[in-house]
Amino acid sequence: MASNTGSNAFLSSQKAVVSESPRAKKSQYSEEETFYVNCRAAYLTVFKSSLENIKSKEQLCLVLQQAGGNPSQKTVNKYWTPQTTALNFDDFCIILKKEKPATKTDLLQAFIKLDKNNDGSILHTELHKILTTRGERMTADEVSAITKLADVNSGGKLDYKKFCNLYMATNEQCCKTALEKLELDTRVKRQQFGSQAEISTEGATSPISKPSPRTARKSDHKATPKRGENRTSSRPSSAQGCKASISSTMSMGASSNKNSKLIEPNTVKEWQCAQSKGCFYLEEDGTIISHRYRMHLLQKSTVCITIKPLSLSQLEGKPSPWLSVDTALYVLKENESQENLQLVSLTDQQNKEMYGWKGELGSGFYWLLPFTTGCKLKKVKRQITREVKLVYRGEDGELGLTKEFRTALSNIFEMIDLDGNGLLSLDEYNFFELRTSGEKCDEEAWAICKENFDTKKNELTRQGFMDLNLMEANDRKGDPSDLWVTLLSLGFNKALEMTEACPFVIDIYAEKCKPRIKPVHLEANSGQLNKAICKSVVNQGEAKVMDGCESIIVHTYRREARITSVIENTSENKVIIHVNNEQSKNCINNRGLNIFAVEVAPKSMMVCQHVMPLNEQEEWIYNCTHSLLL
């Protein structure tokens, strides 16, 4: 019997399962540690390594079943959408975190509703009828498999109390078996794994390719000597034989949100300026996608580049959570081709909500890659008490857009009007279409749109955009379903609060020439962006080599309101690093967990975590221990 909440069922009995292991008795598992040990155990019953990706819906279903669940097709489809090409171990853990455990009480209550005689049993004929015709229908063979279980069936009836006991016992045994299998491998004992895209120290990738947000990419640099490689040691070169740790503690004062090094835009008002807007969008799996830009400078010039959240009009009482989201821009220089990019700068100087950089750039083309840590832009569970009405029908029977919906549409227009000229070009409209429907509007369809809606200079006006949405409502005879699909994809919830998106604005000031900027893509963090983050942290941060294991280096880069750590592995073998933030105070990280672990591939580096203050008006302490696991 499929359960919509069963994919995390194994968590309800895991403390008991873990305690049965002789090894586990010697360890004091925290709740998070218990969770990740068992995530790891379930994952490795299907895959050889947590670096392997889930590559199909069938694999996702199988690994969730190995975690003790019985996920419904609806649950699987929720996380494996038509756009999904792969899920990694982090995604798997997030799914298990989100899905509530199916407890014995849940199952019993579901059966009790079907028990007409209140005698603890259900007729096979009635069970067959219900399970094959209602909800997520089961096949006759699947129902037959239940009714043929000798221990829970007799006299043509299912004893559902016994069935629930058997179901929970089977789940527990499944998890226990997976855990025991994991415990046999002492090299990965007590591991709580995470996974991010590694950046090879031997390669590079271009931001111009358009991968799936879930597709991990690796780069191909030429090998460069790393610290520690020239030192001799009696230890094997493999980090697997080491047992070492590094602790980093940083006390940070309350943020003033002011840095005098960032030039104020009004001091460069005589310079020539270019502007473009964009947006960070939060996907269902926690992935963040955003626009990517190409900038052209006709001649060498001093420039000032800034990025900040875009201020929008809001109805009274509506929050503006995106205004507190951190933003940044990585500037990369094109050389001979778009595939050969060089990190130039990062907007790491802060003035209130604005981040900027000022310096000299040569003539040529540059890529601007927006970035946010994900510390402040993440999924938030909030009970919506009232769903906002989008349309109404007037006394004359005609449909109209409500005031709240019109305000939301006006804000959306501001967000997608990337050049800020008050009109939507075909390119701008197509970014909107790609985000909301996954398709583009061709020239013929755009011509029809211009014939039917208000335009100016061959571009759609704000009123034309409003009328376009009203037409959609009329096409659906007032059914707002499609309108909600658009709104939800743009980060709004059913209360019309924008909680899962952060619109931003980029300003470029140049002293010697008119800068040009063009949005090119809308995509997830690319391998090139991850590489740029790693390189900036390595170049500007503090490096610590693990005592007794010189092939592992932890780089930590701190700014006034943000800390980023990168783990570098110079050995020939993958390593597993346990990360513990439990001693940190007033901190929030992009992973949402105090304890986790990461696998770092050979000869590579990866972003471990981004950390920010939970309350910027108070002191915060970053205290993190990185430990190498056997």
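Is Met168 buried or exposed? Met168 is buried, with a relative accessible area of 17%. The cut-off for buried is under 20%, so Met168 meets it. The views below all come from a predicted model.

**View 1. Met168 sits in helix α10.** Helix α10 covers residues 160–183. Look for Leu107 as well. Met168 and Leu107 are 61 residues apart along the chain. Their C-alpha atoms are separated by 9.5 Å.

**View 2. Three strands form an open sheet.** The order is β1-β3-β2, and the pairing is antiparallel. The edge strands are β1 (121–123) and β2 (153–154). Each of these edge strands pairs on one side only. Strand β3 spans residues 157–159 and pairs with β1 over three bridges. Find Ile122, and opposite it stands Leu158 in β3. A helix joins the picture: α8, residues 124–133, lies across β1, β2 and β3. Helix α8 runs at about 80° to β1.

**View 3. The largest nonpolar core contains 71 residues.** Which of them touch the most other members? They are Ile305, Leu368, Ile412, Phe465 and Ile506. Domain 4 (284–379 + 508–523) and domain 5 (385–499) both give residues to this core, so the core lies between them. In soluble globular proteins, nonpolar side chains tend to be buried together.

**View 4. Leu368 contacts residues from several stretches of the sequence.** Leave aside the neighbours of Leu368 within four places in sequence. Leu368 is then in contact with Arg292, Tyr293 and Met295. Leu368 also contacts Leu329, Tyr330 and Val331. Ile506, Ile508 and Ile517 complete its list of contacts. A second, separate core has 23 residues. Among them are Met252, Ile563, Val600 and Met606.

**View 5. Helices α12 and α15 pack against each other.** Helix α12 covers residues 426–436, and helix α15 covers residues 481–489. What is the angle between them? The angle is about 100°, and the axes are 9 Å apart. The two helices are therefore roughly perpendicular to each other. On the α12 side, look for Phe432, Arg435 and Thr436. These residues meet Val485, Thr486 and Ser489 in α15.

**View 6. Four strands form an open, antiparallel sheet.** The strand order is β5-β27-β23-β25. Strands β5 (245–252) and β25 stand at the edges, each with a single partner strand, so one side of each is left without a neighbour in the sheet. Neighbouring strands are turned by 20° against each other on average, direction ignored. Strand β27 covers residues 620–628 and is joined to β23 by four bridges. These two strands run antiparallel. Here Ile577 stands opposite Leu628 in β27.

**View 7. Strand β25 is largely enclosed by the rest of the structure.** Why is β25, residues 595–600, described as enclosed? Six of its six residues are buried, so the rest of the structure largely encloses this strand. In a regular strand the side chains alternate between the two faces of the sheet. In β25, Ile595, Ala597 and Glu599 point one way. Phe596, Val598 and Val600 point the other way. Strand β23, residues 575–580, pairs with β25 in the antiparallel sense over six bridges. Find His578, whose bridge partner in β25 is Ala597.

Terms used
Residues numbered from 1 in each chain as written. Predicted model: local features only at pLDDT ≥ 70, side-chain atom pairs only at ≥ 80, totals over all residues. Heavy atoms only, no water. Core = buried A, V, L, I, M, F, W, Y, C linked by side-chain atoms within 4.5 Å. Buried < 20%, exposed > 50% of the residue type's maximum accessible area, 1.4 Å probe, protein only. Domains from an automatic or database assignment. Contact = heavy atoms within 4.5 Å. Pairing = 2+ DSSP bridges. Axes fitted to C-alpha atoms, helices over the stretch in contact; angles between N-to-C directions. Parallel < 35°, antiparallel > 145°, perpendicular 65-115°, else oblique.
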